[in-house]
Amino acid sequence: MSAGIMHSHVTHRWGTPDTDDFPMVSLCRELMGGVIDLDPASESVFNEVVKATRYYSSPERGEDGLVLPWYGRVLLNPPGEEKGKPRQNFIPRFWRKAITEDIEQCCYVGFAMDQLNILANEEAHPTDFSIVYLRNRLPFRRHDWVPGMKDAPAKANFIVGLNVDHKKFVELFSPYGKVQAGPLARDA
């Protein structure tokens, strides 16, 4: 496969998808009460889909979502590693911020099941919360996408709901994959 077809290390800038087949952003918005207050790792082209009230953008505005405060209802699609750049360990750093920051709720988008291994030694693991293992791959969109370019990750994806109503999570996400409740999953 070419780098333009799969989520690769060519770029770490991949946008959160919302498609007719799987309206993930819309489902996350509904799960969190109808609004996404913050997307801490985004940029303008991706926010056209997410429609967060506020987003932080490192490439466009030099904003570091790991340093700036998080608040409200958060949609988090953490950046990946970029080929040829020093390793940043974005996955564990963004995960730790999500579980320690004073936020109402969060939908964490796991690009690949490998992230579950990367986070294996964290104090709180994604499987401790409401989680769905998706049946189909999410069509993430590269930052430099052009019409006709197909984006599909090479690996399976998952979504974690932090501080969300697990029953609502099940209702919204079970049509798209296997949903489980960990010990930190919440009922309304």
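This briefing walks through helix α6, its partner α1, and two loop residues with unusual backbone angles. The structure is a predicted model, so please read every value below as computed from that prediction. Helix α6 has a buried face, with H166, F169, L172 and F173 among its residues counted as buried, and α1 is one of the elements covering those residues. Two non-glycine residues, K51 and N163, have a positive phi.

**Helix α6: two sides**

- The buried residues in α6 are H166, F169, L172 and F173.
- Viewed down the axis of α6, these buried residues fall within an arc of 125°, so they line one face of the helix.
- K167 and E171 are exposed, and they sit on the other side of α6.
- The cover over the buried residues of α6 includes α1, β6 (130-134), β8 and β9 (177-181).
- At the start of α6, D165 places a side-chain oxygen within 3.0 Å of the backbone nitrogen of K167.

**How α1 packs on α6**

- A pair of packed helices is described by the angle between the axes and the distance between them.
- Here the axes of α1 and α6 come within 10 Å and cross at roughly 155°.
- Because angles over 145 degrees count as roughly antiparallel, α1 is roughly antiparallel to α6.
- The crossing of α1 past α6 is right-handed.
- On the α1 side, L27, C28, E30 and L31 take part, meeting K168, F169, L172 and F173 of α6.

**C28, a buried residue in α1**

- C28 belongs to helix α1, which spans residues 24-31.
- With a relative accessibility of 0%, C28 counts as buried, because the cut-off for that class is under 20%.
- Setting aside neighbours within four places in sequence, C28 is in contact with L75, C107, I159 and F173.
- C28 and Y108 are 80 residues apart in sequence, yet their C-alpha atoms are 9.4 Å apart in space.

**Two residues with positive phi**

- Most residues other than glycine have a negative phi.
- K51 is not a glycine, but its phi is positive at about 60°.
- The loop between α2 (44-50) and β3 (54-55) holds K51, and its 55% relative accessibility makes K51 exposed.
- N163 is likewise not a glycine and has a positive phi of about 60°.
- N163 lies in the loop between β8 (158-162) and α6 (166-173), and at 26% relative accessibility N163 counts as partly exposed.

Definitions and conventions. Residues numbered from 1 in each chain as written. Predicted model: local features only at pLDDT ≥ 70, side-chain atom pairs only at ≥ 80, totals over all residues. Heavy atoms only, no water. Helix = DSSP H or I, 4+ residues; strand = E, 2+ residues; numbered from the N terminus. Buried < 20%, exposed > 50% of the residue type's maximum accessible area, 1.4 Å probe, protein only. Contact = heavy atoms within 4.5 Å. Arc of directions from axis to C-beta. Polar contact = N/O pair within 3.5 Å; in protein donor to acceptor, adjacent residues only side chain to side chain. Axes fitted to C-alpha atoms, helices over the stretch in contact; angles between N-to-C directions. Parallel < 35°, antiparallel > 145°, perpendicular 65-115°, else oblique. Left-handed = near helix turned anticlockwise from the far one by under 90°.
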